[in-house]
Amino acid sequence: MKKTGILNSQLSGMIAALGHKDLVMIGDAGMPIPKGVPIVDLAVTRGVPTFAQVFEAVMEEMCAEHYFVAEETQGANPAIWSLLQNTLSGLSYDTMPHEELKAMSQNVKFAIRTGEFSSFANVILRAGVVF
């Protein structure tokens, strides 16, 4: 049995399989996932697990070099905006309308669905390298 880190075997394996420049989306419970995009569905019930819990666990194991977020997040969900800005403070990022972020999600290697029930709690991360 794995002792630390992400215990969900599907999620752990998918993170381990990421290559440089691969895209991953972490989304709230309502974010539509395009057909054909593999989903790691962690949503159990309303608010479980939260976006923040999943995001923080993923960032412990994933090297990211850039991120994409809906421009609406800053005004509509300042807690998520602050979490991203603080945790990813050294990374470059792009903002775009939420509709463009949804369209961009067609290009992710996989998507993670959380139980988050707040608006615009979504991010697309671009994998970096650790060396």
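**Close-up 1. E65 and its two salt-bridge partners.** In this predicted model, E65 is partly exposed, with a relative accessible area of 23%. Its side chain meets that of K21 in a salt bridge, with 3.2 Å from N to O. This pair links distant parts of the chain: E65 belongs to strand β3 (residues 64-70), while K21 sits in the loop between α1 (9-16) and β1 (23-27), 44 residues apart. K21 is partly exposed too, and its relative accessible area is 46%. Now look for R126, whose side chain also meets E65 in a salt bridge, this time at 2.9 Å, N to O. R126 lies in strand β6 (residues 123-127) and E65 in strand β3, so this pair ties together parts that are 61 residues apart in sequence. R126 counts as partly exposed because its relative accessibility is 21%, and the cut-off for buried is under 20%.

**Close-up 2. A salt bridge inside one helix.** Here the side chains of E99 and K102 meet in a salt bridge, 2.9 Å from N to O. How far apart are E99 and K102 along helix α5? They are three residues apart in this helix (residues 98-104), so about one helical turn separates them. E99 counts as exposed, at 52% relative accessibility, whereas K102 counts as partly exposed, at 23%. Back in the first view, K21, E65 and R126 are joined into one network by salt bridges that share partners. If you want to hunt for others, a search of the whole structure finds six salt bridges.

**Close-up 3. T73, tucked away in a helix.** Is T73 buried or exposed? T73 counts as buried, because its relative accessibility is 0%. You'll find T73 in helix α3, which covers residues 73-76. Who does T73 touch, leaving out residues up to four places away in sequence? The contacts are P78, I80, W81 and F120.

**Close-up 4. A43 in a loop.** A43 has its place in the loop between β2 (39-41) and α2 (51-61). Its relative accessibility is 33%, so A43 counts as partly exposed. Set aside residues up to four places away in sequence, and A43 touches V48, P49, R113, T114 and G115. To get a feel for distances, pick out A70 as well: A43 and A70 are 27 residues apart in sequence, and their C-alpha atoms are 21 Å apart in space.

**Close-up 5. A nonpolar patch on the surface.** Which residues form the nonpolar patch on the surface? They are V129, V130 and F131, and together they have about 400 Å² of accessible area. Take V130 as an example: its place is in the segment after β6. V130 is exposed, since its relative accessible area is 76% and exposed means over 50%. Compare that with T73 from the third view, which counts as buried at 0% relative accessibility.

How values were computed: Residues numbered from 1 in each chain as written. Predicted model: local features only at pLDDT ≥ 70, side-chain atom pairs only at ≥ 80, totals over all residues. Heavy atoms only, no water. Helix = DSSP H or I, 4+ residues; strand = E, 2+ residues; numbered from the N terminus. Buried < 20%, exposed > 50% of the residue type's maximum accessible area, 1.4 Å probe, protein only. Contact = heavy atoms within 4.5 Å. Salt bridge = Lys/Arg side-chain N within 4 Å of Asp/Glu carboxyl O. Patch = residues over 30% accessible without salt bridge, like charges linked within 9 Å, V, L, I, M, F, W, Y side chains within 5 Å. Areas by Shrake-Rupley, 256 points an atom, 1.4 Å probe, with all protein chains shown as cover.
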